[in-house]
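Q: Could you take me on a close look at the salt bridges here? I'd like to know which residues pair up, where they sit, and how buried or exposed they are.

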Amino acid sequence: MTRECAVLLPGVCAALADPRQPGLDDTCLEKLLDWFRSLTWFDPTVELVQENPCLTELLSSVLALVDPSPGILSFTLQLAGILASSESRFQHLQQEKLLGRLFGPEGPRGSAAWEDASVRSAWLKGVHSMLHHLPALHCLCSTGGMDVIFTLQGDPSLFVASAASQLLVHMLTFSLESETSKALSTKDCDWPGCAQMIVKHIKESLQSSSASHIEQSLKLLSSLFGSGFGSCYAAWTEVLWLDIAKQIESFLLEEAVQAQPLLANLLLNVARSPAFCGTEGSFWALVTSALEHLTPVQAGPLAVGLLKLCKCPQDVRIQALTVLLQPMDCILRAASQPLECAGLLDESVSDPAAVESLLSSKTSCAGLLCQTLTHLEKLLSLKHLRVDLPCVSLLHSLMTILQFCNGFLSPTSPLGSTISRNLINCFRVQKSALDVLAALSEKKECDTLIGNLFDVLLAYLQSPNTSPTVLKKTFQATSKWLVHLQELSSSNSQWPQTEKILEDMLVVLQKRLCSPCWEVRDSSLEFLTSMVKCLRDQKEFRQCLLSSEVLRLTENLLEDPESYVRASAVTAVGHLAPIACFAPDSPVTGSQYNKESIVAKLQEILSTDSEGFPRRAVISIFTKWLREGCTGQLEDTEHFVSRVIQTVEHDLDWEVRLGGLELVEVFCSQTICQLSQCPYAPASCAVPSPTPQNELLQVFCRAKLFGFLFGSLCDCDKPVGQRACDVLVGLRGHFYPMSTLENPQEIEDSPAGRGIAWLQRTLRQGSLAQNFPVDGDVGVDFQDPESMMLALGAIDLLELHDELNKSSDHVEESPQSLLQDILAAVGTIEDNEVDCY
């Protein structure tokens, strides 16, 4: 603790204990507790409380209050626990007889204050902080504290109940760490003292007739095994499991028990323990029983969790997959005449009637399918799945679900008709099914159904009943499958089928781009951009695209009344332009869709659009064009960049200004590559003899880069200043490769040098005039190559870089500032002494 903080602390403690003072903000108290946690973490000695007696005085004063506020009492309990976290300070506070009065029977737990949930929660947090040494553990166990924690497990406040459960987990593991002195024998095992109390409580609760007690113990066991206990204490895990396995098994078989929903999470957490790595044993038999007896909704999370485990036995893994696929299997069978479709599964793990019953119910059908589809999407995202998914049948089932949802399939079986009625226009199921459909695009074995698949997708894209959110998902899934189709057609020469699909997609797209719903227009533009990205190199696609009305409609949407649509239109036009009008062999001839027109329209949006989204999209597209070499020869590019940065430097949106700096960075890199012997550039970029640096500087000055860069250093938005500094540091590294920088003292004699010295001082102050003086002794000519060469060499850009990268709270947010704020809040110091943050 610093001397300044030690001086302020007594006043803060006195203010906290004064009932006449108004209650402090909870945030201040939490910050104060955080400070004490850091102090005690780094210094476990007793000196902290001995040298600052105001701390123990605060504890005593709060205890002496007749009716302390819940906020101050909660703070005091947590502070006492933090201070008592080391054994030496614990003994000191015990000698002062403070801990018993706070955490013992005579403390708040026996008073009216205990009715406040924040006090009960603080008591648990204080005990948790304190329990890092055996004296604290023994003290708690001997003063009835364990019974209090067991009771708080069932507290009506979920925060309190959760804190009690977490505390018991900590106590059990700490007891095993600290109290176990002999080697463990699973045949003759004695739990250490505190752990024995907790295990006994768990076993008794599981055997209780009270459903709430059973639920509390199952939650505690789940938290225990989920905390890593099973990994760190594999032998103790096996002992504990042997004690409770029979009871858990009975819960599975007793369908009336309300605890069943908790069993899946418990079994999954136990399964992660190394104690059950082997394929033999009763544990995996119990897991198999759970997959059979839990309801499909309860068994789903257990099944997907088991499939993610690398050490799950193969037969259990196959059963888990079967549980997940059972609803999809039921869908396939319900959609077909008997024996017409074999479904996904040869046999079921549990009774198929349970799944059929859930799918037949209007209230449960969508929930079961959404859960199943979410689990399948997670499995498809895994890089290494240790069981084979029947992808073709799964895709068939997904298409069936989607056809049920839009009414395009009329099953003849009674079950199919019921499911179809339940799913009609069910947006939740449609979105989930489309997500899984997109994930399946990575699987090559689905190629046989690709024609049928695009029929289903096209039906959704054409249907007026498709909601905007489902349409967006359909576009996304279609994009994924178009990429797969491109790969397939290039390897198998299936272009005629691909061409028909693309023509159908473009016809739909033309219609959707004219939709009265802005979300549909926006999704359509995003889909168009995605198509161009993945198919731009296909000559046939370009011909289909350029012969359609898509280009004209997209350009029209640059003037859409909705800013999101304008931004998406800018992005789409930016991706279309390189194949429509920038390419030398562009097939668009005699059209108004030409380079000059497009560039002019985008520059107009950049300078006049009232919304930030379209302007950000324009600067992003301009940077993309620059990277891809779409802006012409060096002279054309120089003029283009100059015009853009003169527009963006006055933009009110900091992301647009930041985008302008990225454009400048790309331009600098490309220009240096073209005009200099760049050792890192491709051989084609280099010229036999290097051009003098002055030519580079002239290009940069004509483009007015330096005024933009130096002006951005003091931008009110820090990311802009940081990026500008990065660019200038990079340029200095090119012009001064050996760090032979200019001496500021030596250059101040010239007019240019005096201007550079003024600029250095101004930058250090963190403020920059918008209009630089151009005459007199302090003038800075940002278009003069010689002046800019001096500026790059003389200004300490690295020092400025460090300043810009400092956190904004590196000075203000300090313990001293916090203590001053607290004292100011209670009115004990003048306002001008406060260092608020």
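A: Here is a walk through three of the salt bridges, one pair at a time. Keep in mind that this is a predicted model. Across the whole structure, a search turns up 22 salt bridges. The general idea is simple: side chains of opposite charge can pair when their charged atoms come close.

Let's start with a pair inside one helix. Arginine 37 bridges to aspartate 34, and their closest N and O atoms are 2.8 Å apart. Both residues belong to helix α2, which covers residues 26-42, and they are three residues apart, or about one turn of the helix. That spacing is worth a pause. An α-helix has 3.6 residues a turn, so residues three or four places apart point the same way. How open are these two to the outside? Arginine 37 has 33% relative accessibility, so it counts as partly exposed. Aspartate 34 is also partly exposed, because its relative accessibility is 43%, and the partly exposed class runs between 20% and 50%.

Now move along the chain to a second pair. Aspartate 653 and arginine 616 meet through their side chains in a salt bridge, at 3.0 Å from N to O. Aspartate 653 sits in the loop between α34 (634-648) and α35 (654-675), while arginine 616 is in helix α33 (residues 612-627), so this bridge ties together parts that are 37 residues apart in sequence. The two partners fall into separate classes of exposure: aspartate 653 counts as buried because its relative accessibility is 12%, whereas arginine 616, with a relative accessible area of 28%, is partly exposed. The cut-off behind that split is that buried means under 20%. This pair also has company, as Arg616, Asp653 and Glu655 are linked in a network of salt bridges.

The third pair brings us back to helix α35, where arginine 657 is found. Its side chain meets that of aspartate 715 in a salt bridge, with 2.7 Å from N to O. Aspartate 715 lies in the loop between α37 (705-712) and α38 (718-735), and the pair links distant parts of the chain, 58 residues apart. Here both arginine 657 and aspartate 715 are buried.

To put the pictures side by side: arginine 37 and aspartate 34 pair up within helix α2, aspartate 653 and arginine 616 join a loop to helix α33, and arginine 657 and aspartate 715 join helix α35 to a loop.

Definitions and conventions
Residues are numbered from 1 along each chain as its sequence is written. This is a predicted model: local features need pLDDT of at least 70, side-chain atom pairs count only at pLDDT 80 or more; totals for chains, interfaces and linings use all residues. Side-chain values use heavy atoms; hydrogens and water are left out. A salt bridge is a side-chain nitrogen of Lys or Arg within 4 Å of a carboxyl oxygen of Asp or Glu. Helices (H or I, at least four residues) and strands (E, at least two) are DSSP runs, numbered from the N terminus. Buried means under 20% relative accessible area, exposed over 50%, partly exposed in between (1.4 Å probe, protein chains only).
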